[in-house]
Amino acid sequence: MGLFDGKKGLIFGVANKNSIAWGIAQALHAEGATLGFSYAGEILKKRVEPLAASVGSDFVEECDVTNDDAIAATFAKIADHFGEIDFLVHSIAFAPGEELGGRFHKTSRNGFRIALDISCYSLITLAGHARELMPNGGSIVTMTYYGAEKVTPNYNVMGVAKAALEASVRYLAWDLGKDSIRVNAISAGPIKTLAASGVSGFRKSLNYVGQVAPMGNVDQEDVGQAALFLLSDHATRITGEVLYVDGGYNIMGAPDPTMMDGGEKSE
Ligand code: NAD
């Protein structure tokens with residue numbers, strides 16, 4: 001018996017096998033969920049289709065979340081294929097490369113618009129469409145990062161987008177609570193993925209967090225297990241929350257003193 005036997009849902013944001021969304025998909029598949037996938041552009045098709053097939057999914061649709069017509073068309077196909085759904089995973093973010101490094105005051109109006117549109121507004125509109133297919137309630141999970149709350153150099157406008165995303169999670173949780181739909185975010189520690197590699201100095205940050213966090217770096221599987229919980233009936237009435245899956249990094253006020261001299265973490 002799997003925790004998700006008989007449950008159906010959509011995963012937005014698989015680009016390749018390193019995607020966090022793929023870690024979540026594997027966890028859901030292991031518990032018996034029926035999955036559909038949506039990816040960003042034609043170029044990703046050849047990566048996403050075989051991954052979807054490997055978890056028994058025959059629903060793989062392209063959808064650029066900046067395009068309202070494409071979103072409506074994708075959800076029409078989802079409705080045809082699945083009827084109702086139980087969950088939605090939103091694992092999407094983007095900012096132009098030049099915005100993910102250097103001086104924050106140089107953030108461009110267009111870079112700001114794109115980052116907020118793709119990384120935040122998309123959750124609001126996808127949640128609205130998903131609601132139509134969740135007449136008996138459901139669960140929605142999105143992905144955020146600590147840079148929403150505290151300055152993470154070079155994360156820049158994406159930190160602002162994640163702050164807006166976390167606020168949107170709370171407003172959606174309030175609004176969709178009326179429909180018995182829960183909305184939560186997972187704040188993951190840094191993981192080497194396509195999106196993360198776009199942030200200037202990412203490799204150094206990853207190493208630093210791995211040393212400072214009480215339990216070191218996290219991976220896609222760790223996030224997958226947390227998503228499983230939030231999407232499942234075990235999380236009944238948990239909504240509007242941001243759950244850290246970061247090895248404990250967010251609780252630290254300073255690194256272990258032995259690290260400050262360039263030494264290793266103490267035993
Ligand atoms: P990823 O590159 O594998 O995933 C990002 C996804 O966003 C890709 O599938 C990409 O195609 C999709 N996307 C971008 N623009 C889109 C558009 N216009 N329409 C539809 N989809 C679009 O990287 P990831 O690290 O797995 O990122 C997934 C989520 O996790 C993001 O929200 C990211 O901010 C968040 N996150 C990542 C980390 C990390 O360190 N990797 C940490 C915390 C949170």
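How far is an oxygen atom of the ligand from a polar backbone atom of Ala15? Select both and check: the separation is 3.4 Å. Keep in mind as you click around that this is a predicted model.

**Stop one: the ligand**

Stay with the ligand and bring up Ser19. An N or O atom in the Ser19 side chain sits 2.6 Å from a ligand oxygen. Now add Ile191, where a backbone N or O atom is 2.8 Å from an oxygen atom of the ligand. Taken on its own, the ligand has 810 Å² of accessible area, and the protein covers 91% of that. To see what does the surrounding, show the neighbours: there are 27 residues, and the closest are Gly13, Ser19, Ile20, Ile191 and Thr193.

**Stop two: helix 1**

Ile20 is a handy bridge to the next selection, since helix 1 covers residues 20–30. Of the 11 residues in this helix, 8 are buried. Pick them out as Ile20, Ala21, Trp22, Gly23, Ile24, Ala25, Ala27 and Leu28. What do the buried residues of helix 1 pack against? Colour these partners: strand 1 (8–12), strand 2 (34–39), helix 2 (45–54), strand 4 (87–90), strand 5 (138–144) and helix 8 (220–231). Then step past the end of the helix to Gly32, which has a positive phi near 95°.

**Stop three: either side of helix 5**

Jump to Asn156, in the loop between strand 5 and helix 5. Asn156 isn't a glycine, yet its phi is positive, about 45°. Is Asn156 buried or exposed? Its relative accessibility is 13%, so it counts as buried, the cut-off being under 20%.

Helix 5 itself spans residues 157–177, and Ala167 is in it. Ala167 is partly exposed because its relative accessible area is 25%, which falls between the 20% and 50% limits. Add Gly240 to the selection: it is 73 residues away from Ala167 along the chain, but the two C-alpha atoms are separated by 8.8 Å.

Carry on to Ser180, in the loop between helix 5 and strand 6 (181–188). Ser180 is another residue other than glycine with a positive phi, here near 60°. With 53% relative accessibility, Ser180 counts as exposed.

**Last stop: a surface patch**

Switch to a surface view and select Phe104, Phe112 and Val160. Together these residues make a nonpolar surface patch of about 250 Å². Phe104 comes from the loop between strand 4 and helix 4 (109–132). With a relative accessible area of 45%, Phe104 is partly exposed.

How values were computed. Residues numbered from 1 in each chain as written. Predicted model: local features only at pLDDT ≥ 70, side-chain atom pairs only at ≥ 80, totals over all residues. Heavy atoms only, no water. Buried < 20%, exposed > 50% of the residue type's maximum accessible area, 1.4 Å probe, protein only. Helix = DSSP H or I, 4+ residues; strand = E, 2+ residues; numbered from the N terminus. Contact = heavy atoms within 4.5 Å. Patch = residues over 30% accessible without salt bridge, like charges linked within 9 Å, V, L, I, M, F, W, Y side chains within 5 Å. Areas by Shrake-Rupley, 256 points an atom, 1.4 Å probe, with all protein chains shown as cover. Salt bridge = Lys/Arg side-chain N within 4 Å of Asp/Glu carboxyl O. Near = heavy atom within 4 Å. Polar contact = N/O pair within 3.5 Å; in protein donor to acceptor, adjacent residues only side chain to side chain.
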